[in-house]
Each structure stands twice: as C-alpha cells, then as structure tokens.
Protein chains: 2
Amino acid sequence: MKFTIKRAAFIHNLTDVQRAISSKTTIPILTGLKMELTQEGLTLIGSDADISIESFLSVEDDKIELQIDSTGSIVLPARFFSEIVKRLPEETMTVEVEDNFLTKITSGSSEFTINGLDANNYPRLPEIEDTNKLMLSADVLKQLISQTVIAVSNQESRPILTGVHMVIQNSELLAVATDSHRLSQRKIHLDIPTDVHYDIIIPGKSLTELSRTLTDGVDTVEMRIAENQVMFIVDHTSFYSRLLEGNYPDTERLIPTSSTTQIQFDAPVLLAAIERASLLSHESRNNVVKLTLSPADSTATIYGNSPDVGNVEESLHFEELSGEELEISFNPDYMKDALRSFGQATIDIAFTSALRPFTLMPSEDHEDFIQLITPVRTY
Amino acid sequence: MKFTIKRAAFIHNLTDVQRAISSKTTIPILTGLKMELTQEGLTLIGSDADISIESFLSVEDDKIELQIDSTGSIVLPARFFSEIVKRLPEETMTVEVEDNFLTKITSGSSEFTINGLDANNYPRLPEIEDTNKLMLSADVLKQLISQTVIAVSNQESRPILTGVHMVIQNSELLAVATDSHRLSQRKIHLDIPTDVHYDIIIPGKSLTELSRTLTDGVDTVEMRIAENQVMFIVDHTSFYSRLLEGNYPDTERLIPTSSTTQIQFDAPVLLAAIERASLLSHESRNNVVKLTLSPADSTATIYGNSPDVGNVEESLHFEELSGEELEISFNPDYMKDALRSFGQATIDIAFTSALRPFTLMPSEDHEDFIQLITPVRTY
C-alpha cells in the first residue's frame with residue numbers, strides 16, 4: 001500500500017473519524033485508525049464498538065490530489081499518527097506500508113517510520129442496506145438532538161434511559177428522552193409515506209457525537225435503520241451507532257393535559273435570573289430554588305438560599321401570568337438546560353400543583369416541542 | 001459601608017486582584033476579597049501570602065461612576081462574590097454592609113445577601129517606600145519575564161532555583177534563571193544612575209502572574225524594592241511579591257566563551273523540526289533526540305526514536321554551519337522552550353563537545369540574550 005495525498009484534506013477527514021476513536025478502549029486495535037486503499041480511493045475508519053465512523057477520500061476529487069501507487073490496508077496508532085500528520089512540513093505527504101506492517105510517512109525532508117497492525121484483525125463494520133432511507137435536514141436534526149439529549153439519563157442503572165426514543169409513523173418523527181426527573185419531547189414532520197414505521201432507541205452519546213459532525217456546510221443527512229444499528233450519511237462520511245435494546249417506557253401519559261397556573265416568559269430573561277439564583281443553591285446541600293407566583297398581585301419571585309453563604313431574592317420580569325397562587329421548588333440546573341434549548345423564544349410554563357411536573361413549551365408551535373420538569377418536595 | 005458602582009469597571013479591577021487569590025490557601029480569610037472604602041475611592045485587595053495585588057477605583061474617575069454613601073471595609077468570599085457580580089442584571093450595582101458583616105448586593109430587581117468577614121482580621125500589606133524606584137518599559141519587562149521563567153526550576157528541593165536572579169548595577173538589569181539542566185540570561189539597559197545597586201531573587205510564579213497583568217494598554221511599570229519584598233505598580237494596580245532569601249549560585253562561569261562547532265538557524269524552522277522529533281522521544285522512556293552535524297558534508301540531521309512506536313529522521317534546513325563534526329543528544333522540550341523564546345529571529349547555536357552545555361543566542365545582539373542547554377549522555 002502506497003499513496004500520496006494533500007495533508008489538509010486528509011486531516012479534515014481524519015478529524016471526523018477520530019471522534020469515534022477512544023484511547024480508553026479495552027480492545028487494543030480500536031485505538032488505531034484503519035486505512036483501506038482501493039483504486040477508487042482511501043477509506044478511513046475509526047470505532048469504539050458503540051460508534052463507528054467511516055470517511056472516504058475519492059481519487060476523483062481533484063482537491064485531495066490522491067495519487068495511488070499500490071492498494072492495501074493498515075491500522076496505525078490513531079492519536080500518534082494524527083499528531084505526526086498535523087506537524088509534517090510540506091503540503092503533501094506519502095504513506096507507504098513496508099514489511100511487517102512498518103509504515104513510512106514522508107513529507108519534505110522529514111521521514112517517520114512507525115509500527116502498524118494487520119488490518120485483517122480490525123472488526124468489520126455492519127452492512128446496512130439502503131432500501132429504507134430517510135432524508136433529514138441537517139439543521140433540524142441538529143436542533144432535535146440538542147433539545148432531547150439534555151434529558152437523557154447518565155445513570156447506567158436503567159440503560160434504556162441513556163438513549164433517545166425515536167418513533168417514526170404517520171410521516172412524523174417523535175423523539176423523547178427522560179431521566180425520570182425531567183423529559184424532553186420534540187416532533188418533526190418527514191416527507192415520507194405514512195406507512196413507514198420505526199421504533200428505535202439511539203444512545204444519547206452517539207447522537208451527541210453525530211451532532212458534532214453536522215457542521216455548518218452540511219445540508220442533508222441520510223438515515224438508514226437496520227435490526228440493531230442506525231447509520232447516518234453526511235457527504236462522504238458514514239456514522240454508525242448501535243441501538244439500545246428493550247422497551248422504552250410509555251412517556252405519553254406523563255405529560256399533563258391541563259393546568260391551574262400559567263406564566264409566559266422571555267426564555268433568556270428567565271434563564272439569567274435562574275443562573276443567579278443557582279449560584280446560591282449550588283452552595284447548598286440540596287440544590288433547589290423556590291418560585292412564588294401570585295397572579296392576584298401580578299408578581300413572580302425566585303429565591304435561592306445557602307445556610308453557609310447567604311441568599312438571593314429576585315422579582316422576575318414576565319409577559320403574562322394567570323390562574324391560581326403557587327409556591328413550587330425545583331432543581332435550577334434542569335430549568336437552565338430546558339431554557340437554553342428554547343434559544344431566544346418566548347415560552348409558556350404551565351403548572352398544576354407544587355408536587356406535579358410542570359411543562360415548558362414555545363409560545364408558538366406548542367405542538368412540536370415540550371419539556372417537563374418534576375418539582376422537588378421541600379417540606 | 002455602602003457604595004454604588006459601574007459593574008464593568010469593578011469587574012475589570014476585580015479580575016486583576018483575583019489573580020492573587022487562591023481557593024487552596026491554608027489561611028481561610030485569604031480566600032476572600034478585601035474591600036476598603038474611603039472618601040477617595042474603593043480599594044480591592046487579594047493575597048495568597050506570596051503575592052498580593054491591590055487595585056484602586058477612584059471616586060474622581062467619571063467612567064467608574066462610584067457613588068459613596070458611607071465608608072468602611074469588608075472581606076467577601078472572592079470566587080462566589082465575583083460570580084454574583086458578573087451575573088447581575090443591570091449596569092450598576094450597590095453593595096451595602098449591614099450588621100454582623102452581612103452584605104447586601106443589589107442590581108435591578110435582584111438582591112443578594114451574603115456573609116462577609118471582619119476586614120480587621122485580614123493580613124496587612126507591607127509598606128514599601130518610593131525612595132528607590134525604577135521605571136521599566138512594560139513590553140521589555142514582559143519579554144524579559146517570558147525569556148527567563150522558562151528556565152526556572154519547579155523542584156522545591158532547591159528553593160533558590162525557583163526564582164529569577166536579578167542584579168541591577170552599572171545602569172543594567174541582568175536577569176538569570178537556571179534549573180541546573182538549562183539556563184537563560186537576559187540583559188536590559190536602564191535609565192538610572194550607575195551607582196544604583198540591587199541583588200534580588202523574585203519567585204518565578206510571581207513574575208508569571210505579574211506578566212499576566214501587563215496587558216497591551218500598559219506602557220510603563222514602576223518597580224520598588226524593599227528588604228524582602230518587591231512591588232510593581234501598573235496604573236492603579238500594585239503588585240507585591242515576597243523575595244527569595246539566600247545566595248543565588250554564580251552562573252557567570254557556566255557560560256562557555258569559546259566553541260568548536262557553530263550553526264545558524266531560523267528559529268521557527270528548527271522549532272517545527274524539533275516538535276516533530278519530540279513526538280517520538282515523548283513515547284520513549286528517556287525523552288532524548290539526537291542531532292548530527294557534519295560541516296564537511298554540509299548536513300544537519302535530527303533523529304527521534306521510540307522502541308515501541310517507531311522513529312523519525314529529518315535533514316534540517318540551516319543558514320550556516322562551520323567547525324568540527326558533532327553528534328549530540330538533548331531533551332527536546334528544553335530546546336522547544338528555548339527556541340520559542342527567540343520568536344521569529346535567526347539564532348546562532350555554538351557547541352564545544354557532546355557532553356558540554358551548548359549556547360543559543362540571537363544572531364543580532366549576542367550580548368543581550370543567551371540560553372544554555374546541557375546535553376544528555378546516551379552511552
């Protein structure tokens with residue numbers, strides 16, 4: 001195997017593939033980068049067993065200046081090889097595999113020789129057919145991911161809750177995540193036949209990594225679903241993730257359908273006040289802030305308290321307030337995550353009682369996005 | 001004590017003072033920020049016992065909008081207070097000390113109450129007279145610090161070597177640091193009488209912190225020296241550091257005066273090659289690279305090697321090479337630090353033998369700056 005390539009193009013694809021490569025893996029060969037060279041081009045592969053990323057550099061892409069002398073494959077130590085490639089002196093580099101998987105990397109007057117591994121020992125990627133593919137807008141997918149992964153559990157005690165539940169039916173994709181303290185649900189419309197049906201659970205970590213590959217230049221993402229794998233194709237890069245097995249809890253019944261107190265806020269204004277209040281609650285053993293709503297006096301007040309450090313009290317600026325008097329306590333960090341996911345929007349918060357979950361929705365498009373937070377009992 | 005102030009101005013000075021405040025101190029009151037309010041203005045003080053920083057906000061500075069209702073002093077938890085101040089909603093804030101050192105901080109509709117401490121229990125800053133003051137250019141001082149602190153020892157086994165030795169005499173300041181493996185010496189001219197004489201050792205950590213306060217807008221620094229303290233005054237901020245006690249070793253005799261092999265490099269070009277070679281030496285137990293100079297063949301080659309990972313060899317681009325053949329090994333990290341301190345300059349490296357220290361000097365102004373690196377015996 002021997003090729004010459006433009007370093008900048010190689011580094012671009014390598015950076016994507018490296019997202020899947022962990023130095024902490026228990027399978028030593030997975031700390032490596034697999035390179036596979038055919039007459040069509042060079043494929044880079046990285047994997048941590050949960051996520052795999054494959055990226056293709058085509059011989060037909062003039063910008064890459066890929067020159068193939070002999071085909072073959074090799075696995076090189078990923079972190080180390082990437083540091084070398086980034087520091088080479090010239091615009092192009094040549095990689096040549098010699099006997100015993102020894103690999104020579106040359107650029108200008110610099111010549112590295114490093115020990116590679118037999119690519120035949122590298123695990124094979126799953127094959128996923130393209131019979132059932134969905135096309136998604138990259139922007140919408142990225143937003144959906146950021147809005148749901150916040151509510152994913154990071155406790156391994158209930159593994160199923162570490163994923164985002166995605167149900168595709170009636171030309172809609174419904175994504176839900178909950179860690180049992182809060183829930184986030186986002187709905188998007190898809191241009192697909194109404195009889196296409198899927199019910200899958202994708203690990204939250206996989207979606208977070210996928211989201212990082214959706215950079216500004218990307219318009220469309222192709223999604224393919226198989227028995228226990230999902231695959232996303234972005235330009236010349238394929239992103240594989242395993243699916244979580246099991247039944248996701250029925251979350252539909254958790255979302256309240258009526259309320260007794262309603263308030264409307266500008267999300268960034270409320271976020272800033274919650275951030276201030278949480279400065280004190282973070283110094284306290286139980287990280288809780290208290291919200292008092294009085295529609296009769298038209299006041300909303302937030303309190304934070306730490307016996308050691310002090311306390312904070314703030315009258316909140318709101319848009320509208322109606323319904324019954326209420327005093328409710330909650331974890332401000334859940335509230336901060338929820339508020340950040342609304343961006344600059346105006347939101348409606350609806351309460352039923354001090355001990356029942358309350359909902360946050362954008363004032364426009366109530367249907368498409370809802371967040372649920374369970375309050376904390378303080379007495 | 002009660003005052004109202006523009007938050008942005010307060011935060012600016014607070015940031016400077018916070019450099020001296022450590023949360024790891026063994027003296028609890030030093031985790032606090034001391035504020036002292038007189039009719040002239042507000043003084044902020046932070047200290048970790050080694051370094052103290054004092055910053056003054058004058059009532060006469062219109063931009064600060066300082067309004068004094070009653071004078072006094074207080075110590076507040078520094079990190080926590082600073083987070084509050086940064087997150088307050090309005091442009092100004094009011095700070096008021098009530099009974100039992102309880103302190104109220106208000107801005108808009110937000111009101112914090114935090115527990116303060118009695119300022120009488122805060123250690124006093126040393127008083128340093130202004131009889132012997134030196135004026136230094138901020139840019140030159142900053143460069144001198146960055147060029148010498150790299151060679152300061154971080155081993156507490158010989159505390160004296162954790163400082164930079166500064167000798168002022170004959171209208172010159174000579175600054176030297178060495179960790180016994182390498183040495184850096186910088187000389188600058190001062191516009192002072194030739195009979196002004198000082199011999200002090202300033203902790204390297206103090207100089208590094210001082211350097212961070214020398215931002216782009218600063219032109220001149222006033223330096224005052226006392227028995228066991230040094231003070232630097234930058235605008236309205238005073239920076240105090242204790243001095244190290246003891247005799248600094250005689251470093252003059254360590255610097256070779258003749259050489260047998262001489263080579264001239266463009267510093268950034270050599271730096272890039274050393275960085276590549278160190279990728280491999282870092283993977284090895286003994287972090288060493290080998291340099292071979294052959295004036296007869298007009299070649300200079302660098303080698304790095306790690307038994308586990310591989311090796312690197314690179315022909316170096318140099319400007320001039322003369323003298324005897326040489327093969328020498330050294331720690332590439334010392335070389336990288338030294339080369340970075342020369343910036344974009346062309347440098348002369350002079351060797352005497354494979355086991356004797358070699359010197360690096362800028363090709364222009366040999367006199368003012370010299371670095372010394374001790375080679376490593378590899379056989």
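## Annotated region of chain A

Helices and strands here are DSSP runs, numbered from the N terminus. The model is predicted. In chain A, residues 1-126 are 17% helix and 43% strand. The C-alpha atoms at the two ends of this stretch are 24 Å apart. An unreviewed UniProt entry annotates these residues as "domain: DNA polymerase III beta sliding clamp N-terminal".

## A sheet built from both chains

Nine strands form an open sheet with antiparallel pairing. The order is 23(A)-19(A)-20(A)-21(A)-9(B)-8(B)-7(B)-1(B)-5(B). Strand 23 (326-330) of chain A and strand 5 (67-70) of chain B are the edge strands, and each pairs on one side only. On average, neighbouring strands of this sheet are turned by 15 degrees against each other, direction ignored.

Strand 21 (residues 310-315) of chain A pairs with strand 9 (residues 110-115) of chain B. The pairing is antiparallel and spans five bridges. A:Asn311 stands opposite B:Thr113 of strand 9 of chain B.

## Helices on the chain B strands

Helix 2 (residues 78-87) of chain B packs on the sheet. This helix touches strand 7, strand 8 (102-107) and strand 9 of chain B. Its direction makes about 175 degrees with that of strand 9 of chain B.

Helix 1 (residues 7-18) of chain B lies across strand 1 (2-6) and strand 7 (92-97) of chain B. Helix 1 runs at about 95 degrees to strand 1 of chain B.

## Helix 3 of chain A

Helix 3 (residues 138-149) of chain A has twelve residues. Its first and last C-alpha atoms are 16 Å apart, close to the 16 Å expected at 1.5 Å a residue. Its buried residues are A:Ala138, A:Leu141, A:Leu144, A:Ile145, A:Gln147 and A:Thr148.

How values were computed:
Residues numbered from 1 in each chain as written. Chains lettered and ligands numbered in written order. Predicted model: local features only at pLDDT ≥ 70, side-chain atom pairs only at ≥ 80, totals over all residues. Heavy atoms only, no water. UniProt positions renumbered as here; feature names shortened; annotations may be inferred. Helix = DSSP H or I, 4+ residues; strand = E, 2+ residues; numbered from the N terminus. Pairing = 2+ DSSP bridges. Axes fitted to C-alpha atoms, helices over the stretch in contact; angles between N-to-C directions. Contact = heavy atoms within 4.5 Å. Expected span 1.5 Å × (residues − 1). Buried < 20%, exposed > 50% of the residue type's maximum accessible area, 1.4 Å probe, protein only.
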